[in-house]
Amino acid sequence: MKKLLYFLLSILFFGFANNTQCQQNDFTLKVDKDTININAGEAATYSISFAVENGFDASIFLSVDTDAFPMQSLGVGLSSNVVNTPYKAVILTITTTANFTKVGSYEINITGKNGLLSSSVKCHINVLGIPNSNWRIMP
């Protein structure tokens with residue numbers, strides 16, 4: 001009888017342990033484009049979508065890492081910082097200033113969190129400079 005009890009307890013324990021590992025709720029962030037090329041003074045938009053797995057239905061809290069570039073030259077904003085079911089896409093808008101944004105490549109990291117769960121996605125923007133104008137000053 002004692003062996004039968006140990007056998008049933010081990011099946012019960014290992015059976016639940018295996019199920020909890022397979023059924024972990026999770027989410028993943030995805031971006032519609034990897035890199036956008038723009039001229040200084042223009043804006044770029046990315047669509048951030050969400051893939052949910054195993055019945056995840058909690059809020060996702062979004063943040064943007066802006067430490068990699070000077071804030072006076074690029075403006076970064078999300079259409080929403082919190083996303084709930086049905087997890088519609090969020091728009092990331094990046095604005096540049098014609099006379100202040102430096103030419104170069106910038107990486108933007110977007111992170112979604114809920115408790116211990118976390119997912120990140122990166123997008124890149126290449127600022128090409130101010131476009132040439134056909135206007136000329138005549139003496």
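The following paragraphs describe the predicted model of one protein chain, from its confidence and strand pairing to its core and its backbone exceptions.

The model is predicted, so that local features are reported only at pLDDT of at least 70 and side-chain atom pairs only at pLDDT 80 or more, whereas totals for chains, interfaces and linings use all residues. Residues are numbered from 1 along each chain as its sequence is written, and side-chain values use heavy atoms, with hydrogens and water left out.

The mean pLDDT (the predictor's confidence in each residue, from 0 to 100) of the protein chain is 83, and 71% of its residues reach 70 or more. The protein chain contains one helix and nine strands, these being DSSP runs numbered from the N terminus, with H or I and at least four residues for helices and E and at least two for strands. Along the sequence they follow the pattern α-β-β-β-β-β-β-β-β-β. Among these elements, helix α1 (residues 2-22) has the lowest mean pLDDT, at 55, and strand β6 (residues 82-83) the highest, at 96. Over residues 16-22 the pLDDT stays under 50, and the model has one contact (heavy atoms within 4.5 Å) beyond four places in sequence for this stretch. Of the contacts in the protein chain between residues at least 6 apart in sequence, 63% join residues at least 24 apart.

Strand β9 (residues 117-127) takes part in both a parallel and an antiparallel pairing, where two strands are said to pair if DSSP finds at least two bridges between them. Strand β2 (residues 35-38) runs parallel to β9 and is joined to it by four bridges, with Thr35 having His124 as its bridge partner in β9. Strand β8 (residues 104-114), by contrast, runs antiparallel to β9, and eleven bridges join the two; here Asn114 has Leu117 as its bridge partner. Two residues lie between the strands in the hairpin of β8 and β9, where Gly115 takes a positive phi near 60°.

The β8 and β9 strands are also linked through side chains. Glu107 and Lys122 form a salt bridge (a side-chain nitrogen of Lys or Arg within 4 Å of a carboxyl oxygen of Asp or Glu), their closest N and O atoms being 3.6 Å apart. Because Glu107 lies in strand β8 and Lys122 in strand β9, this pair ties together parts that are 15 residues apart in sequence. With buried meaning under 20% relative accessible area, exposed over 50% and partly exposed in between (1.4 Å probe, protein chains only), Glu107 is partly exposed at 35%, and Lys122 is likewise partly exposed at 43%. A search of the whole structure finds two salt bridges; Asp32 and Lys33 meet in a salt bridge with an N to O distance of 3.0 Å.

In total, 27% of the 139 residues of the protein chain count as buried. The largest nonpolar core (buried Ala, Val, Leu, Ile, Met, Phe, Trp, Tyr and Cys residues joined through side-chain atoms within 4.5 Å) has 27 residues, and those with the most contacts inside it are Leu29, Phe50, Leu62, Leu92, Ile110 and Ile125. Two or more residues each come from β1 (26-31), β2, β3 (43-53), β4 (60-65), β5 (74-78), β7 (90-96), β8 and β9, and β9 gives the most, with five residues. Not counting residues up to four places away in sequence, Phe50 touches nine-residue surroundings that include Leu29, Leu62, Val83 and Tyr87.Two aromatic pairs are present, with rings of Phe, Tyr and Trp (its six-membered ring) counted as paired if their centres lie within 6.5 Å, and planes under 30 degrees apart counted as stacked, over 60 as edge-to-face and the rest as tilted. The rings of Phe27 and Phe56 have their centres 5.1 Å apart and their planes at 45°, so this pair is tilted. Since Phe27 lies in strand β1 and Phe56 in the loop between β3 and β4, the pair ties together parts that are 29 residues apart in sequence. Phe27 is buried at 1% relative accessible area, as is Phe56 at 7%, and together with Tyr87 the two form one aromatic cluster.

Most residues other than glycine have a negative phi, and most peptide bonds are trans. In the loop between β6 and β7, which holds Pro86, the peptide bond from Thr85 to Pro86 is cis, with omega near 20°. Tyr87 lies in the loop between β6 and β7 and has a positive phi of about 55° although it is not a glycine; its relative accessible area of 9% makes Tyr87 buried. Asn54, in the loop between β3 and β4, also has a positive phi, near 55°, but Asn54 is partly exposed, at 39% relative accessibility.
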